[in-house]
Amino acid sequence: MFRDYLKELNEAQQAAVVNTSGPAMVIAGAGSGKTRVLTYRIAHLLQQGVKAHRILALTFTNKAAGEMKERIIRIVGPEKARYLWMGTFHSIFAKFLRYDGHHLGYKSNFTIYDQDNTRSLIRTIIKELNLNDSVYKPSSVAGRISYAKNNLITARQYSSDPQITESDKASRIPEMAAIYRHYAARCFKANAMDFDDLLMNINILFHDFPAVLEEYRNRFDYILVDEYQDTNYAQYIIVHKLSENHRNLCVVGDDAQSIYSFRGARIENILNFKNDYPDYQLFKLEQNYRSTQTIVNAANSVIEKNAGQISKTIFSKNEKGEKIRVIQTTIDSEEGSLTASDILDTRMRERLNWSDFAILYRTNAQSRIFEERLRKRNIPYKIYGGQSFYERKEIRDLIAYLRLVVNPDDEEALRRIINYPRRGIGDTTIMKLMELARSLDMSIWSIISSQELSAKYLAPALRAKVSHFTGLMLPVMAVAETATAYDIAFSMAAASGILNELKQGQVPEEIDRLENVQELLNGIKEFTESAVTNGEPADIATWLQSVSLLTDQDMEKPEDRDKVTLMTIHSAKGLEFKHVYIAGLEENLFPSAMNLFNPRELEEERRLFYVALTRACRRVTLSYALNRYKWGTLERSSPSRFIGEIESEFLCYPQTGGKPFGQRAFYEPGPAGIIPDQPLTFSPTARMTRLRDLKAPSTAERVNGAGSAGNGAAGDTAGRSVTGHGGGRSKGMDGSGGAGRCTGKGDSSTGTGMGSGTGMGGGTGLGGGAISTGTGNGGAGTEMGSGTGM
């Protein structure tokens, strides 16, 4: 029966759905029905006769792609939607590379390395190069390589770019380029790609093989991109190239929710869409269906402070709702206690589910206090970003066996399981095998699986041990392409000895590990049956690709659904809860101390706060502590400027009968933290030969006299361990200006701005109040000033 789906949309949504020709940008405010519009636009194309295989839809999570496809099927039926190209950037481009990666020298069975695999390989390389792993931290090195790849900088380009190499020297990591070169070579040798390679290699493929690019351009008539504000440079270039001929490109997103620059996301992609496609159509979805009017208006009053944005007026026709509550605590532990108690009381009073509550914070480290307080009250909770099911050792062990079945050249997988369960092949022996493999320019598997090479290079005792290992692998490898994923997985779990090893366990932890492996096999069984039913590939290679590209949101377990959610705000985007608690709203924590004095980064912090506010449907509670432990020392804190940026009519203070607290006002930034009146000028599109933000820190010019406030950075050695913020703010007036915020004396890394101030007590003067006594030489400041706290 025909379903008139257009009647389910408001006027703005309808316009975004039915106007399908040419480039289009849909600016979708929080809670405005973005997913519905994207889904219905695809359904409308199908109803208009466009073939499903001519449509490419790119998302950021498998969960989003799956939900969208289910909705489309409900509208147009399974037959019309069957051959849609819909999935995450990484999953779609992994498929492209399985077909055409041979042009770049990869086999179609390449392994996809996750973060753990990447860091493990980098750790090995650092050790082999005799580098200090406290200087070259694997996580930091991996992040730097990732950032380079997202800006389409290969290992060769990285090594030959003087700006980058000078930056590395200045950062005291001069061997960074060498690590990148070794890492790239080892991945290629292992027939493996990491997540970032999937994007970079597609760009290389399209650049170096124009015929392949033309083939994919001709394959799709319509391209749709979800969460366009989160795309990085590599994704931007791919989308631009694929849509260049037909130009039927629709991007959906919200610049006000661009919060992933640390991953390489570029807000310029969405802000400059109008320049890339001057004839584009703009659709604005401005009605928020999620939140109360108070929450929406409060969020608007915050985000309007940003200069770099697309103008929009988000509104709600829901009930007015409660005012946003502001809670002040004396110490951070009290913040956790009050939050836990309020959740318990609210749930009982309003008869809600635990899953209706979320506690959001700026950094993962803040979760500890809330976990402890929730546990004390027997409140069930789950943490996003904690150890996932697929990160457990026993799961990674079995998956490593399966990876080796599919790709025998996968050195990381082989190293992990060649001696598990124990076969008498120690680390020293494995290192010798790795050295032998490199000297012969072969993979370890190629050596140990060859009778001729084993006899030539391996001692008899070692040959016997590896022969047992290859003997259990080869029969499973022989049927890997024809047997189902479940049959391969179960055979490997049994033949490897993993099941027998885990069955010997007696303590609860060991029994849990066996149950986890059983659960993994259950999941593979479900995958196999579903694939067979739908006529899709059910082999182990397909399962491995699907599981390697899972995100946190894709891996939620049924038993976790009715629990209070603890998560960073970055992890919360796209989710909603009836009651949201935003914790730790203090200067130097939220906004982060690292982003206070860069207008561009401060705007992203503000967008992050906007995202936090707009996760709530009914009620928001903001909290901060006046004192917080940092590195074992109790330090004084001040309320975040973001609380002060919310219009007062939307706030209430239940601890004081509704009136604002009588303490010092919310922090007001000096000129170094002020957003300019004119819109920000964004840097042009990144070039292949440059890596944005990988520059040596510049030293501010030292200028004495009147001007902006000094903003000191924390010293990094003994005698330089304080932070100074302050400085006079009125030209030519001695003594006027902001007060110092430091204890003791210490030089910062740059600048000559100097501030001083005395504490919370009374006094006279033109200076702003200070929270402690002391002086400090501030960074990037330009004048000297002093003031007495009032």
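In the predicted model, Glu215 is partly exposed, with a relative accessible area of 38%. Its partner in a salt bridge is Arg219, and the closest N and O atoms of the two residues are 3.3 Å apart. Arg219 is likewise partly exposed, at a relative accessible area of 22%; the value lies above the 20% under which a residue counts as buried. Both residues belong to helix H12, which spans residues 210-219, and the four residues that separate them correspond to about one turn of the helix.

A further salt bridge involves helix H12. Arg217 pairs with Glu244, with the closest N and O atoms 2.5 Å apart. Because Arg217 lies in helix H12 whereas Glu244 lies in the loop between H13 and E7, this pair ties together parts that are 27 residues apart in sequence. Arg217 is buried, its relative accessible area being 13%, while Glu244 counts as partly exposed at 40% relative accessibility.

A salt bridge also links Arg290 and Glu576, whose closest N and O atoms are 3.0 Å apart. Arg290 is found in the loop between strand E8 (281-285) and helix H16 (293-303), and Glu576 in the loop between helix H29 (569-572) and strand E13 (577-582); the pair therefore ties together parts that are 286 residues apart in sequence. Arg290 is buried, with a relative accessible area of 15%, whereas Glu576, at 46% relative accessibility, counts as partly exposed. In addition, Lys34, Asp226, Glu227, Asp230 and Lys573 are joined into one network by salt bridges that share partners. The structure holds 44 salt bridges. In general, side chains of opposite charge can pair when their charged atoms come close.

The loop that carries Glu244 leads from H13 to E7. Strand E7 comprises residues 249-253 and is mostly covered, with five of its five residues buried. In a regular strand the side chains alternate between the two faces of the sheet. In E7 both faces are covered: Leu249, Val251 and Gly253 are buried on one side, and Cys250 and Val252 are buried on the other.

Strand E7 pairs with strands E1 and E6. Strand E1 (residues 24-28) runs parallel to E7 and is joined to it by four bridges; within this pairing, Val26 stands opposite Val252. Strand E6 (residues 222-225) also pairs with E7 in the parallel sense, over three bridges, and here Leu224 stands opposite Cys250. Between E6 and E7 the chain passes through helix H13 (residues 233-242), forming a β-α-β crossover that is right-handed. Val252 and Cys250, which face these partners in E1 and E6, are both buried on one side of E7.

Over the whole chain, 31 helices and 22 strands are present. Of the 790 residues, 53% are buried. Among contacts with a separation of 6 or more, 77% are accounted for by residues 24 or more positions apart. The chain exposes about 35100 Å², of which carbon and sulfur atoms supply 50%.

Note on methods. Residues are numbered from 1 along each chain as its sequence is written. This is a predicted model: local features need pLDDT of at least 70, side-chain atom pairs count only at pLDDT 80 or more; totals for chains, interfaces and linings use all residues. Side-chain values use heavy atoms; hydrogens and water are left out. Buried means under 20% relative accessible area, exposed over 50%, partly exposed in between (1.4 Å probe, protein chains only). Helices (H or I, at least four residues) and strands (E, at least two) are DSSP runs, numbered from the N terminus. Two strands pair if DSSP finds at least two bridges between them. A crossover is right-handed if, with the strands pointing away from the viewer, the path from the first strand over the helix to the second runs clockwise. Contact means heavy atoms within 4.5 Å. Accessible areas come from the Shrake-Rupley method with a 1.4 Å probe; for residues, only the protein chains shown count as cover. A salt bridge is a side-chain nitrogen of Lys or Arg within 4 Å of a carboxyl oxygen of Asp or Glu.
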